[in-house]
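Subject: Structure for you to look at

Hello,

Here is the structure for you to open. My notes follow below it.

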Amino acid sequence: MVLVAELNFSLPWQNPVLIFASILFIILFAPILLNRIKIPQLIGLIMAGAIIGPNGINLLERDSSVVLFGTVGLLYIMFLAGLEVDMADFKKNSNKSIVFGLYTFLIPMTLGTLSGLYLLGFSLPTSILLASMFASHTLLAYPMVSKMGIAKNKAVNIAVGGTVITDTLALLVLAVIVGMSTGELSNEFWVKLGISLVIFTGIVAFIFPILGRWFFKRYDDNISQYIFVLGLVFLAAFFAEAAGVEAIIGAFLAGLALNKLIPHTSPLMNRIEFVGNALFIPFFLIGVGMLIDYRVFFNDFETIKVAVVMSVIATLSKYLASLLTQKTFNFSAAQRDVIFGLSNAQAAATLAAVLVGYNVILGESEDGEPIRLLSESVLNGTILMILVTCTIASIVAQKGASKLALEEEVSEEEGEEETEEKILIPVNYPDNIDELIHLGVTIKTQSQKDALLALNIIPSDSEDPSKEKYAKKLLEKASICASATDNKLTELIRYDSNVVQGITNVVKENKVTDIILGLHKDAGISGSFLGKLTEGILGKINVTALIYNSVQPLNTISRYLIVVPPNAEKEMGFAFWLLRVWNIGRNTGAKLVFYGSNESLKYIKQVQKKFSVEAVFVEFSDWEDFLIISKDLKENDALVVVMSRKNGASYDAQMEKLPKYLNKYFIQNNYVLIYPMQFNFDSKEYASYGGSPLLQPLITTGVEGVENFTQLVGKLFKKK
């Protein structure tokens, strides 16, 4: 082969294809090589950037493309942090976040100002600006912590909330100091800043969720949804800059605003995390490494002095803030390390502050040199501080996250072993497969990636080969939908002359724990209640059964109204259907509104105290007045009704009227009918379904006979 192109390999490389290929291979191999010597991936990418950058071997320039992709990566980190926040815990721990935010702002501000004045001999404005750089931090270690499965831990939640507080305050200090130095600080400045911040926050917090729900209802194309979300993130970042604060604040608020519209178990969330962690965030880390210039530390003693003081004070102040937070809230050492690791890395806001301060010229020296608010030694010292703090943050965060993940795993494994889940989803119509799979992914335990089974039954007397082909097509669609959420779905095709018998046999053979039955969009519920097929299935199996009718996408639901019949707590499957409903609340962030008798709600409130979701409890026991609930049902609400078979302890004759109510008054809303496991079979039949040992106390005594109900549900409600 003869190469006809003239290839130019002079440094730095100019060929865009070669540049991009080089960065991709660095992203691939740097972590692999450095992981062998126990160096965190984050540090590996920063070191790689320093080596190939303009201050290293000059392989690549830190040009506009690197800056652009790096900016996307930085905003991605903050957006993911807001998106993965557990909103129930976030609200519950908001006071703790404020306390940590003040600790991690005031301690660095105090130590930083004093060190600037007395150790470095800077003026008061310069010392305050220097201290604000210590106060801010970047959630550089967040992707690593998230990968270890502890993103919903209280310590992580508090650290993320505190980051927004301290970064906002630090950037406000920057604006004030710059305004004072340039003579622009006035009453008009404060009025403009206040008004712009209120407008910016209002648009992102209130308008963005409305836009998101509108878009997701109308467009289900995966690519369109991803581009739409990414567009909102950058729009929020721009609005933040227009309001006078850094873009990272806008990205984080966009994550919080879209939090409930992008469930953690959804395909969209999987795509957002994949693209960010694979491409944009590594670009940002490499770009940070390109800023490092080792030569200045051998040529200028003042730079070395400033860099050492900055690195020590920044690290010490963040550690003291983390230690004080640990003592205040009685956290473990691992939680303290995670908070310190997340809050010690200096990058985004620090770079913004030092560049702004460096470009503010206060006057000229006798030699005609510009006198800057932050000198060149501070600029170079900041780069070293970024390297030192990012290295320490990555190592400590990895250590703390590993310990914390191990602690959570050990606490979850105490007592009974985790019960294996098997959720069966019969698929017959292509239109509702996606929503049935999404519901299955939402109600299952996240750690069990192979819990879903999809089934299609073909009549055994059929000789039409197209039926099997059609069945395989439906099951393939279900598998694709499940794989988009990183879950493995088992495809089952069964030949049987009787559909009810076929499903019943599959339930027994595969030890199914739950079954989801969908209603075709044009079918609804018949006057003979659920129809012969569904009623036949419910009469043959005794697992938790969910009958689902979908009108709008699962992620656009803002509230679930759960109607619980009197004596529901006396049913064997009470804790098990409650787990499924709880998972809906935890995985989607939607509010749960429970309607039930005082006795039933008492047990549900016990769960709510231990496992936080956003829940409201309304006393309701008169099923003859069931239609009163329709007055509380809003456009984006879903109805969940806990039912009972006729021989169940919680059966109410009014349940027979439910089909008419649903078809007439609730036709515009999603609804789920739940049939729990009930006391109507012997222990041998129980064993044939692969029942959990956790059910044994319920079989003999019911919920009322269990000494500590929360101990029982604690073994089911695993926070993985």
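Which residues of helix 10 are buried? First, some ground rules. This is a predicted model, where local features need pLDDT of at least 70 and side-chain atom pairs count only at pLDDT 80 or more, while totals for chains, interfaces and linings use all residues. Residues are numbered from 1 along each chain as its sequence is written, and side-chain values use heavy atoms, with hydrogens and water left out.

Now helix 10 (helices are DSSP runs of H or I, at least four residues, numbered from the N terminus). Its buried residues are Gln225, Tyr226, Phe228, Val229, Leu230, Leu232, Val233, Ala236, Ala237, Ala240 and Ala243. Buried means under 20% relative accessible area, with a 1.4 Å probe and protein chains only. These residues pack against helix 3, helix 9, helix 11 and helix 12, where contact means heavy atoms within 4.5 Å. Glycine 244 follows helix 10, and its phi is positive, near 105°.

Next, the second largest pocket. A pocket is an open set of points on a 1 Å grid over the protein atoms alone, where a 1.4 Å probe fits, with protein on both sides within 12 Å along at least five of seven lines; lining residues have an atom within 4 Å of a point. The volume is about 730 Å³, counted as the space filled by probe spheres set on the points, which are joined across faces, edges and corners. There are 31 lining residues, and Asp220, Gln225, Asp434, Glu435 and His438 are the closest to the centre. Helix 18 gives the most to this lining, with four residues. Helix 10 also gives two or more.

Best wishes

Notes. Buried means under 20% relative accessible area, exposed over 50%, partly exposed in between (1.4 Å probe, protein chains only).
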